[in-house]
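Visitor: Could you take a close look at one part of this model for me, the place where its chains come together? I'd like the cut-offs spelled out as you go.

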2 protein chains.
Amino acid sequence: MLKILDNIIFLKKNFLKIKNKVKIIIKDIKKYGENALIFYIKKIDGIYLKNIKKIIINNNILKKTYNKINIYKKTILKEIYIRLKRYHHHNFINSWQINKKDIIYGQKINSIEKICIYVPGGNTIYPSSIFMNCSPSLIYKPKTIFMISPIKNGLISNLILSISYLNNIKKIIFSGGVHTLSCVVFGTKNIIKADKITGPGNYFVTKAKKIFFGNIGIDMLAGPSELIIICDSKIHPYIISLDFFSQLEHDIYASCIVICNNKKYLNLLYKYIYKLLKIQKNKKIIFKSLNNSFLLFKTIINTIEIINFFSPEHLMICIKNSNKILKYIKNCGAIFLNYKSSESYGDYMIGPSHVIPTNKTSKFFSSLNINDFCKKIGIIKIINNNYSKNISSYISKIEHFFSHLYSSIIRK
Amino acid sequence: MLKILDNIIFLKKNFLKIKNKVKIIIKDIKKYGENALIFYIKKIDGIYLKNIKKIIINNNILKKTYNKINIYKKTILKEIYIRLKRYHHHNFINSWQINKKDIIYGQKINSIEKICIYVPGGNTIYPSSIFMNCSPSLIYKPKTIFMISPIKNGLISNLILSISYLNNIKKIIFSGGVHTLSCVVFGTKNIIKADKITGPGNYFVTKAKKIFFGNIGIDMLAGPSELIIICDSKIHPYIISLDFFSQLEHDIYASCIVICNNKKYLNLLYKYIYKLLKIQKNKKIIFKSLNNSFLLFKTIINTIEIINFFSPEHLMICIKNSNKILKYIKNCGAIFLNYKSSESYGDYMIGPSHVIPTNKTSKFFSSLNINDFCKKIGIIKIINNNYSKNISSYISKIEHFFSHLYSSIIRK
């Protein structure tokens with residue numbers, strides 16, 4: 001049941017106690033490798049697999065498939081590819097080096113070598129998730145990027161394979177969940193050990209990612225999707241209702257808060273939501289995620305505080321002069337300005353990755369970007385150490401690191 | 001006992017099973033706040049504290065102390081400050097925005113607002129750790145940065161306070177460990193909740209950081225310090241011995257591998273190490289960390305493979321034409337080139353942070369840098385949505401997100 005409120009409420013999210021289950025799967029995969037994988041594919045996904053190779057698709061197949069798709073599809077896919085890549089290229093910085101008389105110093109930027117992207121699936125497919133995971137990787141170019149995904153057999157399409165090829169994916173393993181993720185962490189006979197995993201999964205996968213953090217690189221711990229919409233009464237409630245639904249149809253855990261400084265408008269919106277809900281194709285899901293959502297009556301000034309507190313994944317600012325608010329937003333994943341910027345566009349093709357921090361973590365995480373795919377290595381080359389050794393000696397004495405002191409001063 | 005080997009060995013690190021202890025402390029702090037902190041300061045640190053405020057030093061005291069130190073100290077500290085800040089500034093990119101006819105898109109870069117740095121301490125002080133944690137934060141400037149550190153009362157010096165002031169630290173809490181860290185995560189009466197924690201601690205602190213990852217931002221999970229030295233026979237073994245000791249004196253878990261393509265040289269180095277060990281002031285520590293170290297006889301080509309496998313925190317390349325090897329190094333934290341570049345200089349004042357990934361994690365982590373102190377927020381503003389809605393509709397249909405579809409096409 002949707003509510004109209006004068007004050008924010010704290011939504012209690014139903015996180016399942018799943019840690020032990022996850023740990024057992026990880027342990028089994030670590031010990032028994034692909035035998036355990038086959039076991040869990042049977043147990044969890046209900047598929048009997050004789051050979052792991054049956055769910056692995058290699059680059060040559062991806063290439064062949066891509067070459068065969070029609071020109072209309074190819075044009076759309078290339079357009080998305082180019083747009084996203086261009087966006088991420090704006091963050092590019094190269095390795096650099098400064099040559100001074102007494103010292104050369106700099107930074108070497110290496111790509112992370114082996115990337116695995118996790119693309120959710122199951123009863124539907126998410127081509128956009130392949131784009132949005134891969135596009136920031138295209139700048140520093142990992143040596144290899146491969147994909148794991150629980151997309152079911154009947155849903156594997158030429159489109160999925162083609163998008164993967166376009167985005168430089170070398171291999172797809174059509175299996176997801178903690179069992180497949182664990183193979184990627186430990187490495188098995190047919191699945192190489194990755195250096196980093198990106199992309200959101202379900203609760204189980206997220207829990208596993210947290211356990212693996214440090215053994216392997218992890219992009220972020222993404223939870224259910226969130227949207228805050230700030231609107232004034234100038235935008236038709238019909239439009240806001242659809243934005244509201246498009247957020248809630250993600251899954252039953254998704255949430256949306258609409259904030260407006262006009263109570264009449266909120267009442268009208270409320271009516272529209274219930275009226276239009278009936279004709280939404282995903283109404284079953286939306287009806288459940290309504291429980292995580294509310295409409296809020298607040299002045300714009302108070303709104304800013306709420307946004308910075310909630311640090312939402314997505315923020316739509318559907319008011320006149322939306323730019324004015326922008327500078328006050330400290331914590332948020334992605335921001336959509338003015339009446340025309342539907343959040344849906346951002347999900348698919350504008351530029352920033354739709355892999356965005358949720359659950360207040362945009363206070364410290366960024367949406368997936370090129371820094372997730374490289375590492376920065378400091379470079380130091382001393383030409384004349386007179387100066388360096390004076391300062392180093394001073395500090396090393398204070399720190400009681402006397403071998404540091406001697407190794408600093410011994411060099412001529 | 002140090003060994004000279006023809007093949008690499010895998011050092012088994014003694015990670016203690018400490019997770020349960022850590023969890024109990026976290027639980028207590030979460031439940032009882034500063035009362036539990038006082039309890040653990042008594043239990044773990046052996047200090048009876050009546051009032052938390054006694055271990056908190058505020059900005060005005062820091063400022064006063066800094067103003068009082070002599071000009072000689074001030075000059076050295078400022079020199080380090082400027083050098084480090086200048087290094088990190090090379091990575092600066094600003095918020096950006098692209099204005100096209102149909103769309104404005106860009107990226108807003110916000111500093112992470114509340115940063116807590118963890119500076120190790122105990123029986124000695126590490127002024128360099130304050131510099132090296134703070135310097136990358138100076139570019140995007142967090143709203144507040146404060147420090148927690150287990151430096152003992154008698155060791156708190158004007159130097160520590162002055163360096164903190166110079167590096168923009170607003171408050172110091174002279175208490176460390178999991179108990180203090182937990183206060184920073186949950187927020188207590190006198191300790192604000194941070195958005196992110198940086199800096200290495202002991203095993204317990206690192207375990208806690210892993211547990212907190214996702215609730216709060218974590219820079220990396222740093223383990224014991226590591227150094228690989230590649231040398232030829234042109235550098236005196238006396239010098240390499242001192243570099244070796246300066247690595248091993250960090251703590252009993254530190255490790256160093258020296259690789260050379262000349263077995264005679266390694267034998268000579270071996271003798272030097274045992275001869276000079278006796279006169280090292282920290283010989284007790286070094287004697288223990290010798291167990292984590294070895295000398296390795298390998299050709300240069302084979303060396304590269306070993307480095308990329310071990311992905312060491314520090315790498316010294318003490319050979320002629322050290323630059324030639326550089327391009328083959330994929331995984332490493334920081335690299336020191338040529339005979340003159342003692343790793344010790346990098347610890348103190350050259351530029352890159354000495355907070356560097358260890359234990360093979362430089363495959364995916366970078367040393368502490370300005371990206372650890374900011375977050376990137378995507379900005380989207382649609383002016384004309386004809387184009388966007390075509391592509392969005394195409395993908396949203398495939399994904400069965402029909403409310404996405406309607407919200408895309410409804411806008412004129």
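Guide: Happily! In this predicted model, chain A exposes about 17,000 Å², with carbon and sulfur atoms supplying 55% of it; accessible areas come from the Shrake-Rupley method with a 1.4 Å probe, and for residues only the protein chains shown count as cover. Before going on, local features need pLDDT of at least 70 and side-chain atom pairs pLDDT 80 or more, while totals for chains, interfaces and linings use all residues. Residues are numbered from 1 along each chain as its sequence is written, chains are lettered from A and ligands numbered from 1 in the order in which they are written, and side-chain values use heavy atoms, leaving out hydrogens and water.

Of the 412 residues in chain A, 62% are buried, meaning under 20% relative accessible area (1.4 Å probe, protein chains only).

Now to the meeting of the two chains. Here 123 residues of chain B touch 123 residues of chain A, a contact being heavy atoms within 4.5 Å. About 11,200 Å² is buried between them, and carbon and sulfur atoms give 59% of that; this is the accessible area (1.4 Å probe) that two parts lose on being put together, summed over both. On the chain B side, B:F213, B:I380 and B:R411 supply 7% of the area buried against chain A, more than any other three residues.

B:R411 also pairs up by charge: its side chain forms a salt bridge with that of A:D243 (2.6 Å, N to O). Between the two chains the count is four salt bridges, each a side-chain nitrogen of Lys or Arg within 4 Å of a carboxyl oxygen of Asp or Glu.

Key. Buried < 20%, exposed > 50% of the residue type's maximum accessible area, 1.4 Å probe, protein only.
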